Amino acid sequence: MDIAPEDQLHDLIAAARRAGADAAEAHTGRSIQTKVAVRLGKLETVQREEPEGWSLRVWVGARSASLASIDFSDRTKRDALVERALTMARLAPEDPHSGLAPADLVRSISVEDEAPLQLFDPTEPRAANLEEIARTVEAAALAVKGVTNSYGGEATSSHSHQWRLTSDGFVGCSRRSWFSLSTSAIAGENGVMEVDGYGRGAPWREDLPAAEQIGAEAGRRAVDRLGARKLATTRAPVIFERRLSMAILRPYLSAINGGSVARGSSFLKHRLGERVFAPGIRVMDDPTLVRGLASRLVNSEGLPAKPWVLVDDGVLTGWITDVASARQLGLTPNGLGVTNLTMEPGADNLETLMAQAGTGLLVTNLFGPSLNPQTGDWSAGASGVWFEKGGPAYPVNEITVAGCLPDFYARLIPGSDLVIEASTNAPSLLIDAVSIAGA
Amino acid sequence: MSAAPNLLSAISLLEQRGVDARRVHARLADALAGADDGEIYAERTETEWLQFDDGRLKDADRSATEGFGLRVVAGEVVGYAHAARIDEAAINRAAASAAQARAGYHGVAAEPPRRTNAQLYPDVDPNADPAFADKISLLQAIDAYARDLDPSVVQVSASLTSEYKIVEIVRGDGAAIHDVRPLVRLSIQVTSEKDGRRDTGLVGAGGRASFGEWIAPEAWRAQVDEALRIARVRLKARPCPAGEMDVVIGPGWNGVLLHEAVGHGLEGDFNRKGSSAFSGRIGQRVAAPGVTVFDDGSIHQRRGSLTVDDEGTPTERSILIEDGILVSYMHDRLSARLMGAAPKGNGRRQSFAHMPMPRMTNTGMLGGDVERQEMIASTKRGLYCASLGGGQVDITSGKFVFECTEAYLIEDGKITVPVKGATLIGNGPSALTRATMIGNDFSFDPGIGNCGKNSQTVPVGVGQPSLKLAGLTVGGTELG
């Protein structure tokens with residue numbers, strides 16, 4: 001007989017309590033995923049997956065340990081595992097900060113509670129459908145003049161369910177769907193090739209752009225990289241194009257993580273309440289968007305998710321804490337996090353930003369970034385388009401860009417070209433002086 | 001070699017789960033009828049991870065996962081289905097899904113992998129030793145020693161990871177191949193503070209055996225000393241000048257340069273599709289004379305080693321570049337069959353939940369005869385890179401990029417000041433043609449490498465002698 005996951009978690013927590021745990025949380029998830037890849041018009045791979053996972057965390061006083069195992073679903077093995085978790089916890093040294101979120105702050109949620117957010121599309125396309133769309137997206141890329149080869153097109157569909165219970169009575173049931181479509185195209189030949197790609201994902205299949213559109217964009221990006229030259233080493237204005245501008249902002253999100261701040265390893269740890277960006281810069285997060293790519297009712301610790309402003313008029317407003325880091329920093333856990341995040345657009349479009357800067361580099365690809373989280377020193381391999389007299393001149397590659405992020409943040413000017421494509425989005429960002437290493 | 005044999009690993013995983021062997025073999029043979037290749041890959045992995053950070057034990061986690069993947073290969077098409085439980089119903093569903101790959105295809109089953117009696121690592125469960133309580137004491141001792149070492153130490157992080165993996169591969173003819181793989185790693189990070197600035201040093205070590213030698217007090221104390229040394233050098237470092245210069249790269253872990261600059265570009269899947277900058281270049285010069293690059297999964301107890309790969313092929317040393325000439329790619333069974341080559345143990349997968357593909361094992365360059373000191377003395381103005389961090393490569397354009405975690409300027413043939421923020425960028429097919437000097441000091445990395453490709457991570461080893469590369473672009477924040 002198949003026992004409902006929620007009941008199995010309930011039994012697991014009860015077993016942990018009986019064995020001596022003062023508090024416990026248990027989690028299970030399962031999903032069905034289908035992925036189809038085609039290459040040069042022919043089926044390449046078809047995959048079907050049924051992942052499943054179980055985990056248990058127990059506290060004995062201020063000591064804790066966790067176990068993850070497939071065997072929790074087997075009742076005869078479960079008690080031995082629970083015993084092992086308790087043994088580990090009793091041996092662990094005390095951690096005064098770790099624990100469940102306060103019971104009066106969490107909110108239990110059900111699949112019905114989530115329904116208004118519309119995060120589950122029950123459509124389950126067959127592998128043959130996915131194969132057809134994958135073929136279409138690849139064909140559109142191959143049709144772009146200059147595209148000579150393909151990594152292939154891929155279409156995926158997944159449906160997942162998650163359950164989380166705690167010994168305080170929190171019950172969280174959640175389900176999600178996800179559909180994605182992508183392709184990578186190769187341009188050039190005779191020993192000089194470039195690759196680029198484009199892809200989109202969404203909880204609702206109908207919200208994905210047309211396959212032809214995605215494929216054409218991938219092909220265009222690959223062809224635009226051809227004919228690239230190296231640059232002489234220089235210092236110049238750099239615009240990070242909107243497709244990768246989040247790469248500059250993601251380290252900001254790590255630096256305001258409560259855990260990093262608490263252990264002293266963030267380059268922004270002393271900047272709470274200070275102006276880190278220029279006046280007028282605003283970054284918001286909103287978990288309540290209907291069909292939002294990362295929307296949620298509660299965070300992973302059961303705290304209600306709310307919209308908030310991370311950067312207000314350039315000012316760093318707060319840390320992203322979990323229960324443990326909030327306690328360590330003397331703060332109340334607030335459930336704020338990164339879900340559907342946006343940097344508000346500025347006044348000028350990309351062409352105007354280039355005209356303003358006059359001469360400089362438009363970065364369209366970054367790879368191999370390195371960051372020193374203590375200092376904010378950052379660099380990455382790059383390629384893009386050198387612009388002169390306000391307009392594109394020629395493509396460049398095999399260069400690096402480098403600088404110190406607090407300095408970038410203070411100077412950056414967002415363009416007006418914000419587009420919502422991923423869960424985190426920012427417009428193109430102009431920074432007036434960046435070190436570029438080349439020949 | 002092992003102490004007492006581990007009885008659990010001697011019994012088939014499928015049998016342990018009550019799966020009827022004859023019925024499963026019949027079902028698999030059915031799914032593979034007319035296909036070129038395929039198998040059931042069953043796996044059980046037990047892992048233990050303890051993380052001590054900011055003066056306390058932040059994570060103590062034990063995990064056990066198991067499952068299987070069923071693969072059907074027909075021509076260039078692969079059908080794959082996997083599940084996180086091993087039972088007949090799941091196997092039957094998987095066989096039905098994966099067999100879609102061979103719709104309308106008629107092939108002949110490929111040669112099975114050859115058998116081996118090699119054993120590259122002991123059949124020990126590294127999770128069991130040291131005992132949980134002793135692991136905690138060890139981490140506490142490391143933390144205390146590091147904080148006591150110097151008043152500038154403001155933060156310490158130490159972790160112990162151990163893994164025990166049982167692999168069982170069942171082929172269409174009913175043959176079964178087993179492997180039992182231990183893997184351990186100790187990792188230590190020390191943060192030092194001076195004049196209000198902080199920086200870190202990260203070290204680690206491990207391999208395919210029990211913790212043993214890597215957690216002896218002399219060993220871990222030397223690691224902590226080294227982590228602090230690196231942190232203090234980085235605190236003194238000045239911003240690196242940017243521009244093209246000669247670079248001398250130290251031995252060992254810096255072999256990650258080869259892994260990115262040429263390794264990925266020589267993987268068989270990219271080359272059979274013509275998407276690598278090295279495609280179609282077998283027989284051509286891709287490196288300077290004297291440069292010989294190998295991949296070898298058959299080295300005892302190294303992190304990147306495997307007795308058999310994840311398709312059941314025994315590992316061996318393969319020469320990829322010989323005296324500067326490209327001679328071979330690395331293959332899984334699929335790319336080997338399609339390119340008319342022999343697979344040598346490079347078919348790897350992260351877990352049962354992933355399809356295998358060509359991956360590296362332990363990749364390195366053979367040593368030459370030049371002293372490192374000579375390389376530095378011969379450099380008028382350049383960079384000495386003692387340690388690289390991580391790197392990344394675009395195998396189609398051939399461009400690779402690295403950060404240097406510990407680097408110094410070379411001025412008039414002498415190492416002068418430490419520099420920070422040095423990034424190397426180059427082009428794989430040409431960077432090694434400018435290897436002007438090859439050192440006599442080959443070593444492997446201490447057992448800390450992870451390689452990511454197509455969202456799959458596998459443990460790897462790298463190694464090289466000191467190397468001088470002429471005219472590499474060095475990124476930095478200073479100009480001139």
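This is a stop-by-stop tour of a predicted two-chain model, chain A and chain B.

**Before you start**

Residues count from 1 along each chain as its sequence is written, and chains are lettered from A, with ligands numbered from 1, in the order in which they are written. Because the model is predicted, local features need pLDDT of at least 70 and side-chain atom pairs count only at pLDDT 80 or more, while totals for chains, interfaces and linings use all residues.

Helices (H or I, at least four residues) and strands (E, at least two) are DSSP runs, numbered from the N terminus.

**Stop 1: the interface**

Show both chains. 53 residues of chain A are in contact with 64 residues of chain B; contact means C-beta atoms, placed from the backbone, within 7 Å. Now select strand 2 of chain A, residues 42–50. With 8 residues, strand 2 gives the most to the side of chain A that touches chain B. Colour that side by class: 21 residues are nonpolar, 19 polar and 13 charged. Here Ala, Val, Leu, Ile, Met, Phe, Trp, Tyr, Cys and Pro count as nonpolar, Asp, Glu, Lys and Arg as charged, and the others, Gly among them, as polar.

Add strand 3 of chain B, residues 77–83. Strand 2 of chain A pairs with strand 3 of chain B in the parallel sense, over 6 bridges. Two strands count as paired if DSSP finds at least two bridges between them. To find the register, pick A:Thr45; its bridge partner is B:Val78.

**Stop 2: strands 1, 3 and 4 of chain A**

Select strand 3 of chain A, residues 52–60. Strand 1 of chain A runs antiparallel to strand 3, joined by 8 bridges. A:Ala24 stands opposite A:Val58. Next add strand 4 of chain A, residues 63–69, which pairs with strand 3 in the antiparallel sense over 6 bridges. A:Leu56 has A:Leu67 as its bridge partner. Strands 3 and 4 of chain A form a hairpin with 2 residues between them, and A:Gly61 takes a positive phi near 60°.

**Stop 3: helix 4 of chain A**

Go to residues 127–142 of chain A. This helix has 16 residues and reaches 22 Å from first C-alpha to last, close to the 22 Å expected; the expected span is 1.5 Å times one less than the number of residues. Its buried residues include A:Leu130, A:Ile133, A:Val137 and A:Leu142, along with the charged A:Glu131, A:Arg135 and A:Glu138. A residue is buried if 20 or more other C-beta atoms lie within 10 Å of its own, exposed if 12 or fewer, and partly exposed in between. What covers the buried residues? Among the elements are strand 1 (23–39), strand 2, strand 5 (147–166), strand 6 (171–189) and helix 5 (211–224) of chain A.

**Stop 4: a helix pair in chain B**

Select residues 21–32 and 88–98 of chain B, helices 3 and 4. Their axes come within 9 Å and cross at roughly 10°. That makes the two helices roughly parallel, the term for angles under 35 degrees. Axes are lines fitted to C-alpha atoms, over the stretch in contact for helices, and angles run from 0 to 180 degrees between N-to-C directions. Show side chains: B:Val24 and B:Leu28 are among the helix 3 residues at the contact, and B:Ile91 and B:Ala95 are among those of helix 4. The contact residues divide into 6 nonpolar, 1 polar and 4 charged.

**Stop 5: strands 16 and 17 of chain B**

Select residues 399–411, strand 16 of chain B. Strand 16 pairs with strand 17 in the antiparallel sense over 4 bridges, and B:Ile410 stands opposite B:Ile415. The two form a hairpin with 2 residues between them; B:Asp412 in the turn has a positive phi of about 50°. Strand 17, residues 414–420, also pairs with strand 7, residues 238–239, in the parallel sense over 2 bridges.

Now pick B:Lys399, in strand 16. Is B:Lys399 buried or exposed? It counts as buried, with 28 C-beta neighbours inside 10 Å. Beyond four places in sequence, its contacts include A:Gly381, A:Asn397 and A:Glu398 from chain A, and B:Ile425 from chain B.

**Stop 6: strand 22 of chain B**

Finish at residues 456–464 of chain B. Here 7 of the 9 residues are buried, so strand 22 is largely enclosed by the rest of the structure. Step through its partners:

- Strand 14 (residues 362–365): parallel, 3 bridges. B:Thr363 stands opposite B:Val462.
- Strand 20 (residues 443–444): antiparallel, 2 bridges. B:Ser443 stands opposite B:Gln464.
- Strand 21 (residues 449–453): antiparallel, 5 bridges. B:Lys453 stands opposite B:Gln456.

Methods: Parallel < 35°, antiparallel > 145°, perpendicular 65-115°, else oblique.
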